[in-house]
Amino acid sequence: MIAAPHPGVFVDPEEPVLFEQSPALFLDRDGVINVDHGYVSTPSDTEWVDGIFDLCRGAQQLGYRLLVVTNQAGIARGYYSEAQFLDYTSWVHQAFRQHGIRLTATIYCPHHPEAGLGPLRVECPCRKPAPGMLIEAQRRFASDLAASALVGDKGSDIAAGRAAGLRHLYKVVSAAEPSLAPVLPVWRLSDVLGDLKSHCP
Ligand SMILES: [Mg+2]
Ligand SMILES: [Zn+2]
């Protein structure tokens, strides 16, 4: 029997592993952390989305653990290797640390059901809109999903968050994909922080 496909996890080497349940702020990567230029995989291709560092610092102060959840069909398609992706991810984590932000981990799906090469061509439970990466966060990092939030730029991000029972879902509004109720559409990442703060006890 072949093992079920599983998401990859880059755990920040400088982050202590905590077993105490805590809410997470889940961040999609392309379109939320970096501008989506298509299969971004190098520092020189990286353009940070306006407001991402302020959002992360603020959410961290509110007690959210920060986790990136990203479909990486670029690995499935062979555009870059998993090792290259992990090098780049480590660079992203360091860039955040220089802004005073601790990213606990980046959870990634290296699969694609049609375009994947070899064993990466597979229907998996981790590729968004499936909730597998969020479930993995619950298992590995004791994320309290019912108290967690997610920011994405696509309907598939929001669908994954909804399937995992997350409390707050934010969709960065793009002309290509207008938002769906009852997701809170946001124009700027600073709106996310304002809303998270308004829910704080
Ligand atoms: Mg995206
Ligand atoms: Zn997957």
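A residue counts as buried if 20 or more other C-beta atoms lie within 10 Å of its own, as exposed if 12 or fewer do, and as partly exposed in between. By that yardstick, 41% of the 201 residues of the protein are buried. Please keep in mind that this is a predicted model.

## The overall picture

Let us start with the whole chain. The protein has six helices and seven strands, and along the sequence they follow the pattern β-β-α-β-α-α-β-α-β-α-β-β-α. Its radius of gyration is 16 Å, close to the 17 Å that the globule rule gives for 201 residues, so the protein is as compact as a globular protein of that length. Along the principal axes, the C-alpha atoms fill a box of roughly 50 × 35 × 35 Å. If you take the contacts with a separation of 6 or more, 66% of them are between residues 24 or more positions apart.

## The sheet

In what order do the strands of the open sheet lie? The order is E1-E4-E3-E2-E5-E6-E7, and the pairing is mixed. At the edges you will find strand E1 (8-11) and strand E7 (184-186), each of which pairs on one side only. On average, neighbouring strands of this sheet are turned by 20° against each other, direction ignored.

Strand E4 (residues 103-109) is a good place to look at pairing. E1 and E4 run antiparallel and are joined by four bridges, while E3 and E4 pair in the parallel sense over six bridges. Here are some of the partners you can look up in the structure:

| Residue | Partner in E4 |
|---|---|
| Phe10 | Thr106 |
| Val9 | Ile107 |
| Val69 | Ile107 |

Ile107 is thus the partner of Val9 and also stands opposite Val69. How many residues of E4 are buried? Seven of its seven residues are, which makes E4 mostly covered.

In a regular strand, side chains alternate between the two faces of the sheet.

## Helices on the sheet

Now add the helices. Helix H4 (residues 132-141) packs on the sheet and touches E1, strand E2 (24-27), strand E3 (65-71) and E4; its direction makes about 140° with that of E4. Helix H6 (residues 189-198) also packs on the sheet, touching strand E5 (149-152), strand E6 (168-172) and E7, and the direction of H6 makes about 140° with that of E7.

Which residues of H4 are buried? They are Gly132, Met133, Leu134, Glu136, Ala137 and Phe141. These buried residues pack against E1, E2, E3, E4 and helix H5 (155-163). An α-helix has 3.6 residues a turn, so residues three or four places apart point the same way.

## Backbone details in the loops

A few spots in the loops are worth a visit. Pro129 is found in the loop between E4 and H4, and a cis peptide bond, with omega about 20°, joins Lys128 to Pro129.

Beyond the end of H4 comes Ala142, which is found in the loop between H4 and E5. Its phi is near 55°, a positive value in a residue other than glycine. Is Ala142 buried or partly exposed? Ala142 has 15 other C-beta atoms within 10 Å, so it is partly exposed.

Tyr39 lies in the loop between E2 and helix H1 (52-61). Although Tyr39 is not a glycine, its phi is positive, about 50°. With 14 other C-beta atoms within 10 Å, Tyr39 is partly exposed.

How values were computed:
Residues are numbered from 1 along each chain as its sequence is written. Chains are lettered from A and ligands numbered from 1 in the order in which they are written. This is a predicted model: local features need pLDDT of at least 70, side-chain atom pairs count only at pLDDT 80 or more; totals for chains, interfaces and linings use all residues. Two strands pair if DSSP finds at least two bridges between them. Helices (H or I, at least four residues) and strands (E, at least two) are DSSP runs, numbered from the N terminus. Axes are lines fitted to C-alpha atoms, for helices over the stretch in contact, and angles run from 0 to 180 degrees between N-to-C directions. Two residues are in contact if their C-beta atoms, placed from the backbone, lie within 7 Å. The radius of gyration is taken over C-alpha atoms; the globule rule is 2.2 Å times the number of residues to the power 0.38.
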